Amino acid sequence: MDFTYPASAEAFRAEFRGWLDEHLTDEFRSLGGTHLDMDAATLAAMRRWNALLADARYAAIAWPTEWGGRGAGVMEQVVFAEEMHRANAPGTINVIGLSNIAPAIIEHGTDEQRRTLLPRMLRGDDIWCQGFSEPNAGSDLASLSTSAVRDGDRWIVNGQKTWNTLGHLANWCELLVRTDRDAPKHRGITCLLVDLTRPGVEVRPITTITGEREFSEIFFTDVAVPATMTLGPVNDGWRVAMTTLAYERGTVAKLHLGLRAKVQRLFEAAASAPGPRGAPRAIDDPQVRRLLARCYVDGELLKLVSERAISGELHGRGPGPEGSLAKLLWSEADQQLTAVATEVLGAASLADRWGRDRVYSRSLSIAGGTTQINKNIVAQRILGLPRG
Ligand SMILES: Cc1cc2nc3c(=O)[nH]c(=O)nc-3n(C[C@H](O)[C@H](O)[C@H](O)COP(=O)(O)OP(=O)(O)OC[C@H]3O[C@@H](n4cnc5c(N)ncnc54)[C@H](O)[C@@H]3O)c2cc1C
């Protein structure tokens, strides 16, 4: 692991910090912890903030300049994540769109698709969701069965998707459909860009264990999609779908920044909560201190794994299994931390933000690749073990 912040990244930090000082008002800062279940007023404020970022080319700095980015290198992306975190600034609305869907459109889309779709996604004018998972196709995504049949210059889509983050707010979807039932399962899949306001689309929000709506089921009944909205070649949707994160290397830095801030928040809470066994403050109790130390070490370990990934990127190694390792450590550390919070702060804390965070953290070992799938990747690609 070997990297420093070059002068250009520090110059970018100074410039961006100045911009945040000028534009991040208290109203926008208060949106910092907003979850995805927004009321209309919060969504409108998020859109205003998102548009400000986009107009100043800060919404997706790693994107190519011609599409509204800055073509920023990895250290600028790390600096950007650090400064957003330091200022407690809210991010953009299209959490999935900018990092996962746009790279596929930039790489595989037609000029018309890029020109009409990317600027509106960047500003948060359109909200995008990813329609990959189905009730019987999650980890084994290639088993998906939502179908599209060609009818002249359009596709007719039928089927069901589920767990679509932001689906309850989205008006566009990157949709994976089966277009050749006779081909091997990874082959006969095509990627479509679907306007969710079309007739035959029904979006049913899902309320999670936290009581919030953050994703949906989406049902498609004879939905007509123009053939011009095919993303990449027909029956090559698997390759298109795998084009993710190519423009977003700073993501890995966000994981440790968020986790370590939560560890700090728990330290502060433990310093003002009464301790067990008669200790005036929880943080003075030896057992509590042992638990907190473990959380602290988890956060520092995640930082090292992130820095190793960043260093690898700077030294010309493509994104590797470090991503799976970081995802594993992060999800397990967050679950551990929120469980420790209950132990240290007592059952009453379950009724406040710690309680919400604790039940929410269960989803982290499923979203974006489950713990078991990531362990398989680490076993095969880092440890060199044979496929089970
Ligand atoms: C917060 C959140 C947001 C999400 N957002 C989206 C989204 O925007 N768009 C979208 O399309 N999907 C989304 N998903 C869905 C997510 O991608 C799937 O839940 C995930 O891929 C797992 O699929 P599954 O739920 O069908 O579980 P399954 O794949 O059925 O897995 C069930 C269990 O079996 C284990 N398992 C499965 N296969 C193996 C294997 N080969 N080896 C060992 N163990 C295995 C899994 O680890 C898991 O424990 C989201 C999920 C969550 C929780």
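These exercises, each with a worked solution, walk through one predicted model.

Residues are numbered from 1 along each chain as its sequence is written. Because the model is predicted, local features need pLDDT of at least 70 and side-chain atom pairs count only at pLDDT 80 or more, while totals for chains, interfaces and linings use all residues.

**Exercise 1. The domains**

Task: State which domains the protein has, and describe the contact between domain 1 and domain 2.

Solution.
- Start with the bounds, which come from an automatic or database domain assignment. Domain 1 covers 7-93, domain 2 covers 128-240 and domain 3 covers 251-382.
- Next, take the separation. The C-alpha centres of domain 1 and domain 2 lie 30 Å apart.
- Then count the contact residues. Domain 1 gives 4 residues and domain 2 gives 6 residues. Two residues are in contact if their C-beta atoms, placed from the backbone, lie within 7 Å.
- Last, sort by class. Ala, Val, Leu, Ile, Met, Phe, Trp, Tyr, Cys and Pro count as nonpolar, Asp, Glu, Lys and Arg as charged, and the others, Gly among them, as polar. The side of domain 1 that touches domain 2 has 2 nonpolar, 1 polar and 1 charged residues.

**Exercise 2. The ligand shell**

Task: Find how many residues surround the ligand, and which elements and domains supply them.

Solution.
- Count the shell. It holds 19 residues, and F132, G138, S139, T370 and Q372 are the closest. A residue is near a molecule or strand if its C-beta atom, placed from the backbone, lies within 6 Å of it.
- Sort the shell by class. There are 8 nonpolar, 11 polar and no charged residues.
- Trace the elements. β1 (128-131), β3 (154-165) and α12 (371-382) each give at least two residues of the shell. Helices (H or I, at least four residues) and strands (E, at least two) are DSSP runs, numbered from the N terminus.
- Trace the domains. Domain 2 and domain 3 each give at least three residues.

**Exercise 3. The partners of β3**

Task: Name the strands that pair with β3 and give the sense of each pairing.

Solution.
- Set the rule. Two strands pair if DSSP finds at least two bridges between them.
- Take β2 (residues 147-151). This strand is antiparallel to β3 over 5 bridges. D151 has R154 in β3 as its bridge partner.
- Look at the turn. β2 and β3 make a hairpin with 2 residues between them, and G152 in the turn has a positive phi of about 65°.
- Take β7 (residues 213-226). β3 and β7 are antiparallel over 9 bridges. I156 stands opposite A224 in β7.

**Exercise 4. Strand β4 and the core**

Task: Decide whether β4 is mostly covered or exposed, and place its neighbours.

Solution.
- Check burial. In β4 (residues 172-178), 7 of 7 residues are buried, so the strand is mostly covered. A residue is buried if 20 or more other C-beta atoms lie within 10 Å of its own, exposed if 12 or fewer, and partly exposed in between; C-beta atoms are placed from the backbone.
- Split the faces. W172, E174, L176 and R178 point one way, while C173, L175 and V177 point the other way. In a regular strand the side chains alternate between the two faces of the sheet.
- Add the neighbours. β1 and β4 run parallel over 4 bridges, with G131 bridged to L175. β4 and β5 (residues 189-195) run antiparallel, joined by 7 bridges. There, L175 stands opposite L192.
- Turn to the core. A nonpolar core is a set of buried Ala, Val, Leu, Ile, Met, Phe, Trp, Tyr and Cys residues joined through C-beta atoms within 7 Å. The largest one has 90 residues, and C173 and L192 are among those with the most contacts inside it. Helix α10 (residues 322-345) gives the largest share of this core, 11 residues.

**Exercise 5. Two positive phi values**

Task: Compare N88 and W163: where does each lie, and is each buried or partly exposed?

Solution.
- Recall the background. Most residues other than glycine have a negative phi.
- Take N88. Its phi is near 55°. N88 sits in the loop between α4 (74-87) and α5 (95-108). N88 counts as partly exposed because it has 14 C-beta neighbours inside 10 Å.
- Take W163. Its phi is near 60°. W163 is in strand β3. W163 is buried because 22 other C-beta atoms lie within 10 Å.
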